[in-house]
Amino acid sequence: MRLAHLHLPHTTPFSRVSHLQQALTTRLLAHKKLTSPGSISSQELSNPSTTLSKTPPPPPDPTIITFTPNPVYTTGRRDLPPSNTRPPSPTDPNFSLPAPLEPIRSLFIPHGTHPAKAEYHPTLRGGQTTYHGPGQMVAYTILDLKRLGLTPRCHIRVLENSVIDLLKSYGVDGFTTEDPGVWVKPGPGSGSGSDEQPRKITAVGVHLRRNISSFGVGLNVTDEPMWFFKQIVACGLEGREATSLQGVGVSGLEIGDVADAFVEKFVGRVNADFAGNSLGEGIDEVYRVTEEDLMNDTRLV
């Protein structure tokens with residue numbers, strides 16, 4: 001199996017990545033429907049009298065999108081009211097916000113010639129409210145879990161362990177707790193004792209539809225996101241703080257290099273833990289694609 005990696009090198013609107021992710025998810029779902037037992041298309045494929053039977057369409061390649069969005073707060077399904085189905089309009093002063101973001105409403109409103117400090121976007125991923133923005137490496141995995149031999153729980157474990165492997169390569173010990181995400185011990189200079197609670201360095205939140213995954217992880221690389229995290233109760237975890245690689249003593253990293261390293265660790269985890277388990281395929285190759293490559297793919301429907 002080949003894995004496509006799209007890295008967007010500059011900060012980008014969250015809606016742009018959402019559109020790409022939706023297009024890729026739709027393509028995978030369309031292929032699954034085409035080849036699922038009982039569908040008209042699959043019956044045509046299995047009928048010897050049809051020419052299609054000789055050329056079944058190959059499955060689309062899984063894709064990882066790595067990027068850094070403009071400052072944005074996103075809500076998962078647990079914080080999403082039924083009526084909150086779209087981002088607020090800057091021209092509507094009474095736009096609807098979920099309860100966790102209501103105290104910081106002013107951040108989403110332009111003031112004179114100054115743009116809003118952040119955007120808000122509701123999503124269908126699991127979890128609650130979090131922040132993404134400059135100083136972060138966000139990775140969205142658009143995969144057919146069945147093809148990889150992953151259960152939903154294994155998928156989360158692979159994402160978390162890939163981050164832990166990545167942190168280890170930088171000399172940082174990451175771990176999981178009863179709370180979601182990846183955590184680390186407070187770094188040097190935090191001004192606290194050794195008994196301080198772990199700090200969250202990576203958020204994990206995914207969405208599944210017919211075992212097609214979307215969304216993924218957000219890893220804090222620099223301290224730039226910390227002010228934005230302090231404005232909310234991130235992921236609903238009262239009293240828990242966020243940190244970054246810079247915050248635990250690892251500075252000078254480029255987001256693109258961290259993104260490449262994460263993809264490498266993800267592939268390594270999939271191949272080491274699940275390839276050859278008779279249920280799924282391994283990943284033989286990672287190749288780079290551009291946004292134009294993806295959007296010009298005629299299989300994107």
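This passage walks through the sheet, the helices packed on it and the nonpolar cores of a predicted model.

A good place to start is the open sheet, whose eight strands follow the order 7-8-9-10-6-2-1-11 with mixed pairing. Strand 7 (174-175) and strand 11 (285-289) stand at the edges with a single partner strand each, so one side of each has no neighbour in the sheet. Strands of a sheet pair through backbone hydrogen bonds, in either a parallel or an antiparallel sense. Strand 8 (residues 182-184) and strand 9 (residues 199-209) illustrate the antiparallel case, with three bridges between them. At one of these places, Val182 has Thr202 of strand 9 as its bridge partner.

Two helices deserve a look next. Helix 4 (residues 152-169) packs on the sheet and touches strand 6 (136-142), strand 7, strand 8, strand 9 and strand 10 (212-220). The direction of helix 4 makes about 150° with that of strand 9. Helix 6 (residues 255-273) also packs on the sheet, where its contacts include strand 1 (2-7), strand 2 (63-67) and strand 11; its direction makes about 165° with that of strand 1.

The side chains complete the picture. The largest nonpolar core holds 39 residues, and Met137, Leu167, Leu219, Phe262, Phe266 and Ile283 have the most contacts inside it. Helix 6 provides the largest share of this core, with nine residues. Setting aside neighbours within four places in sequence, Phe266 is in contact with Ile64, Thr141, Leu143, Val158, Leu159, Ser162 and Ile283. Apart from the largest core lies another, of 20 residues, including Leu28, Val138, Phe215 and Tyr287.

Key. Residues are numbered from 1 along each chain as its sequence is written. This is a predicted model: local features need pLDDT of at least 70, side-chain atom pairs count only at pLDDT 80 or more; totals for chains, interfaces and linings use all residues. Side-chain values use heavy atoms; hydrogens and water are left out. Two strands pair if DSSP finds at least two bridges between them. Helices (H or I, at least four residues) and strands (E, at least two) are DSSP runs, numbered from the N terminus. Contact means heavy atoms within 4.5 Å. Axes are lines fitted to C-alpha atoms, for helices over the stretch in contact, and angles run from 0 to 180 degrees between N-to-C directions. A nonpolar core is a set of buried Ala, Val, Leu, Ile, Met, Phe, Trp, Tyr and Cys residues joined through side-chain atoms within 4.5 Å. Buried means under 20% relative accessible area, exposed over 50%, partly exposed in between (1.4 Å probe, protein chains only).
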